[in-house]
Structure formats: C-alpha cells, structure tokens
Amino acid sequence: MPAAVAGAGFLRIEQLSKAFAPAPAVFADVSFTLDRGEFVCIIGHSGCGKTTILNILAGLDSATSGHAFMDGRELAGPSLERGVVFQSHALMPWLTVRRNIAFAVQSRWPEWSAAQVDAQVRQFVALVGLDAAIDKKPSQLSGGMKQRVGIARAFAIQPKMLLLDEPFGALDALTRGTIQDELMRIVRQTQQTVFMITHDVDEAILLADRILLMSNGRETPDGWRPGNIAETVVNPLPRERTRAGLHHLDGYYALRNHIVDFLVTRARAS
Amino acid sequence: MTRAMNLKAALLSLLLLLVLLGIWQLATMSSGGAGPSQAGMTAEQIEYQKMLGKDPGQVKSAGFPTPAEMGATAWKHLTNPFYDNGPNDKGIAIQLAWSLGRVGLGFLLACLVAVPLGFVIGMSPLLHKAFDPFIQVLKPISPLAWMPLALYTIKDSSTSGIFVIFICSVWPMLLNTAFGVASVKREWLAVASTLEVKPLRRAFRVILPAAAPTILTGMRISMGIAWLVIVAAEMLVGGTGIGYFVWNEWNNLSLTNVIFAILVIGVVGMLLDLSFAALQRRVTYVE
C-alpha cells in the first residue's frame, strides 16, 4: 500500500472503473486527486457515472477495478470520515430536526453526554439558520429546509470529506440560490473538503475550486469507449465571490461557455 | 365541519338504536310474557297442567326476551359484577377478567415470537422463502381445529386455551412485521451505513421505528383475532370466562344472559381495538 506523500493528494482516485455486468464499463480510467480544503465539482450528463463514483467514494458501492485512497489508506466501506448529503434529504420522518442531527452526532461520538450532543446539534442548526424549526418534524418543513437539515447533519459529524450528490436538484431555483450562498459560507468557515455532483453550471462555477468534466461512454467504430474525466478545469475566479456578483467577474463567461460547450458538443467520450 | 358531522352522526346512531329497540319490542311483544293464568282452575286441573309441563304459576321466558327483560338482566349483572357464588356462578367482571387474562397472556406470547421472528424474516429474503410454506399452511387453521391437539398434548384446559390464542394470533403480527421490516426505505439504511451505525443500534433506532406503524397494524388485527378465539375456545373447554358464560347460559336456556354476554363481548372487543388504534396513532409518522 503506497504511503502518504506530502502534496500527493488528500483523496486519491486511481484508474477507477465500474461495470454493471454483463454490460460494458460505464466509466474507466478515472483518476483525480483532491487536496484538503478543496471544493471540487463533477459535472456531466445523466448516465455518465457521477453518482456511481460518489457512491464508491462514500463506500456504498465498490469499483470493478482501480483504487481510492484517503489520507494514504484505501477506502473500505462507508465511514464517518466521509459524510454524505443525499439528493433526497433522507431525514428520518419520525424524528425531529434536533433528534435527526443528534442521531448522527451520537453515532460519531457515542461517549458524549446528552448536553454535549445537544450543544453540537444547536451549533450546526444555527449554522444553517434553522433555530426556529429545531423541534419540528420533517413533514412540517419545506423542501429547502429539509435539505438544509441534511447539510447540517453532514457537517455536524465534522467529517474529513463531504460528499454531496446533487443536493439542490430537488429544489426550486430561488431556494437553490439561497442555499448555495449558505453552503459556500459554511464551507469557507469550516475549511471543509467537498466533492459535489451537479448539473448546474453556474452552481459549479460559484462553489468549486476545480471542476471535473465527465464524458459518457459511447459506441465508436473502434468499439465501446467508457466514460472518463475528459477535462479538469481550475476555477480562475477570485475565491471571495458571491452569487449576486458572479456574472460581473472577468473570466466568468469564458469559463461558462467552455463548460457549456463541453456539455453540448464534447460530452461524448474523447 | 367535522364537529357538525360528528354531532349528526351521533344523533343518527341514537335514532338507529331507538328504531332497533322499537323493532325488537314489537317483535317480542306477542311471544313474551306470562303463561296461562292460575285463576279459575281447580287443584286437580293445576296438577294436571304441571304434569303436562305447563305450570300455570311459572312465568317462563317463552321465546325471544323483550327489551324490558333484557334491560332488567343487564342491570342485575352490571350492578353486581363481582359476586362469586361458586364455580358456575360468578359476576360478569370476574368472567371478563379471566378471559382478558388469557387473551393477554396468549397475545403477549404471540408478540414475543412474532416480532423477533418477523424481524429476522423481513431482513433476510432467504429465510422469508424458507419459512413461507410453513406460515401459509398453518395460517388458515381454525382455532377449533387446534383444540383437540392442544388438549391432548397440553392436557390442561386453561393452558390449551392460551396456546390456541397464541397459535391463531401470531400470524398477522408475524407477516406484518416481516413486511414492515422489508419495506424500510433504502435511503434511511444508507444514512445508517454512512454513519457507521452498528447492526443492533440500526435495528432499534432505524428499522423498528420505520416499521412500527405496519407492526402495530398487525398487532391490532392479531388482538381482534385473539378476542374472537378466546370466546370460541372457552365455549369448548369451559372454566371461568365470558365464552364459557355464554355456553353455560345457553344450556340454562337463559337467552337474556346470552344476549347480554354477547353485547359485553362486542363492547370489550371494541375497547381493545380502540386502545390499539390509539397506540398505532402514536407511532405513525408522515413522510
């Protein structure tokens, strides 16, 4: 097992591939690294395998071949070190917001007292701005609020890495904007390492330090070409950007056009 | 508004009750009442009538009792529910207590078997398929068919009654628990695995609360069956209990007591169902 080398990447994915037998591989030769504190987005068409990669990173699925390392150790199954925010909030409907997050906190630190757990819960509920709803059940919350609880739950366990699977896909455009701002504020504040899947180009440009462009697998005259990471784009925009002022920044449209071009024309395997 | 509708429904129920009582009264008015009067008969004629079995002095309950007679009997039972005049003559509350005790014990045993077994079957498709033929064959067997087997092996009639309650009320709980556990949403299980929740904690904190409404529905159905079974079982094996009371009073041809006991059985069954419905409401959640 390779030892952790400084600068070699906090999260290292090497030659990952996944095939759902007997079909040919959905993607192959996927390799990338993540540094601590980085926010990386992966963007691509449906079916290219983004969620599968995330599930492999979360430990909920396993790769057909290739390796994934975090902090020099190979990933083996789900772990509290990799928190997940699911696309559908996945809150437990029989628990209040407080108890939902407390469940996660107790899983992480089972030796904590009730008071300590409650303090942690309240801290992260305040972080997402849901103090007023802390004792409500999920059925009493709106979609946006439920997703914020999901985010608070993932942050409350203070994982080494956060995995977000299109967390805002089910929200309307207005709510999405508000929560994107909040997520960015929280991530900057906690210096969290984040890997996020998204369909929204503007969201990727707002939040990510690096954007991975993934292509779909396709049939070519030479046979089946599985999907892979076609390109890695480093976000040139200044780190202190806001949603409101994003489109005024230099280089925004160049970046945006480049990504949209990719999705429209080059999303097929190169 | 719900309150207005509730009021209307209550009034309609009352009206239905009065109509039913009225029909009852009309239907029994002709057949009920005293036998032939004693006036105008010589001593020999009275003796002759008695020999024929038509004692003029006796007021026989010939035919279906009237509501008035019914009311009198009910009042007699309800005002003195705890009397104990020997093995065949006890107050209605004592009879009920015995029946409820047997039901409680049989139901509890059924719970202790059905919920854990249902849990295991629900979690493992393999075990589900393996147990399925046994469940499907044993489920439709009537309690009365179990009785001879139980009496022969267990010998004690009271314990046989409890066993029969157990074997008949275990199936709805078992199947509902298995179904509830198998239907737990995958995303909640995914959350539990990303939080590294141990299997036992996951069973109690995620799977059980998620399946609780379905499990409690099964319990409610099982309780209904258990109450049905105890009456039938007690008729067969005797002892103290509301079922045996019905059978005993039938042998005494005391129809008023039989009808009274039937009504009591119905009311107690309804109360049991209502209490389980309340429990069910407490564990129900909205997604």
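A:Leu34 is found in strand 2 of chain A, which spans residues 27–34. In this predicted model, the residue is buried, because 22 other C-beta atoms lie within 10 Å and the cut-off for burial is 20 or more. A:Leu34 also lies 8.3 Å from A:Phe195, C-alpha to C-alpha, although 161 residues separate the two in sequence. A:Phe195 is itself the bridge partner of A:Leu163, and sits in strand 8 of chain A. The two residues thus offer a way into the two sheets of chain A, described in turn below.

Strand 2 of chain A belongs to an open sheet of 4 strands, in the order 2-1-4-5. The pairing in this sheet is antiparallel. Strand 2 and strand 5 (73–74) of chain A are its edge strands, and each pairs on one side only. Inside the sheet, strand 1 (residues 11–18) and strand 4 (residues 65–70) of chain A pair in the antiparallel sense. Their pairing runs over 5 bridges. One bridge partner is A:Ser65 in strand 4 of chain A, which is matched with A:Ser17.

Helix 1 of chain A, residues 50–58, lies across strand 1, strand 2 and strand 4 of chain A. The helix runs at about 125° to strand 1 of chain A. Of the 9 residues in helix 1 of chain A, 8 are buried, so the helix is largely enclosed by the rest of the structure. The buried residues include A:Ile53, A:Leu54, A:Ile56 and A:Leu57. A:Lys50, A:Thr52 and A:Asn55 are also buried, as is A:Ala58. A:Gly59 follows helix 1 of chain A and has a positive phi, near 90°.

The other open sheet of chain A has 6 strands. Their order is 6-7-8-3-9-12, and the pairing is mixed. Strand 6 (82–85) and strand 12 (229–234) of chain A stand at the edges. Each has a single partner strand, so one side of each is left without a neighbour in the sheet. From one strand to the next, the twist averages 20°.

At one edge, strand 6 of chain A pairs with strand 7 of chain A (residues 161–165) in the parallel sense, over 4 bridges. A:Val84 stands opposite A:Leu163 of strand 7 of chain A. Helix 4 of chain A, residues 143–156, packs on the sheet and touches strand 6 and strand 7 of chain A. The direction of helix 4 makes about 180° with that of strand 6 of chain A. A:Val85 has A:Leu164 as its bridge partner in strand 7 of chain A. In strand 7 of chain A, 4 of the 5 residues are buried, so the strand is largely enclosed by the rest of the structure.

Strand 7 of chain A also pairs with strand 8 of chain A (residues 193–198). This pairing is parallel and has 5 bridges. A:Leu163 meets A:Phe195 of strand 8 of chain A as its bridge partner. The chain passes from strand 7 to strand 8 of chain A through helix 5 of chain A, residues 173–190. This β-α-β crossover is right-handed. Elsewhere on the sheet, helix 7 of chain A (residues 252–266) lies across strand 3 (39–44), strand 9 (210–214) and strand 12 of chain A. Helix 7 runs at about 170° to strand 12 of chain A.

Chain A also touches chain B. The contact takes 16 residues from chain A and 14 residues from chain B. On the side of chain A that touches chain B, the largest share comes from helix 2 of chain A (residues 97–108), with 3 residues. That side has 12 nonpolar residues, 4 polar residues and no charged residues. The predictor gives the complex an ipTM of 0.88 and a pTM of 0.83.

Chain B has an average pLDDT of 88, and 93% of the residues score at least 70. Within chain B, B:Ile221 has its place in helix 9 (residues 199–237). B:Ile221 counts as partly exposed, with 18 C-beta neighbours inside 10 Å. Its C-alpha atom is separated by 10 Å from that of B:Ala277, and the two residues are 56 apart along the chain.

Conventions: Residues are numbered from 1 along each chain as its sequence is written. Chains are lettered from A and ligands numbered from 1 in the order in which they are written. This is a predicted model: local features need pLDDT of at least 70, side-chain atom pairs count only at pLDDT 80 or more; totals for chains, interfaces and linings use all residues. Two residues are in contact if their C-beta atoms, placed from the backbone, lie within 7 Å. Ala, Val, Leu, Ile, Met, Phe, Trp, Tyr, Cys and Pro count as nonpolar, Asp, Glu, Lys and Arg as charged, and the others, Gly among them, as polar. pLDDT is the predictor's confidence in each residue, from 0 to 100. Two strands pair if DSSP finds at least two bridges between them. Axes are lines fitted to C-alpha atoms, for helices over the stretch in contact, and angles run from 0 to 180 degrees between N-to-C directions. A residue is buried if 20 or more other C-beta atoms lie within 10 Å of its own, exposed if 12 or fewer, and partly exposed in between; C-beta atoms are placed from the backbone. A crossover is right-handed if, with the strands pointing away from the viewer, the path from the first strand over the helix to the second runs clockwise.
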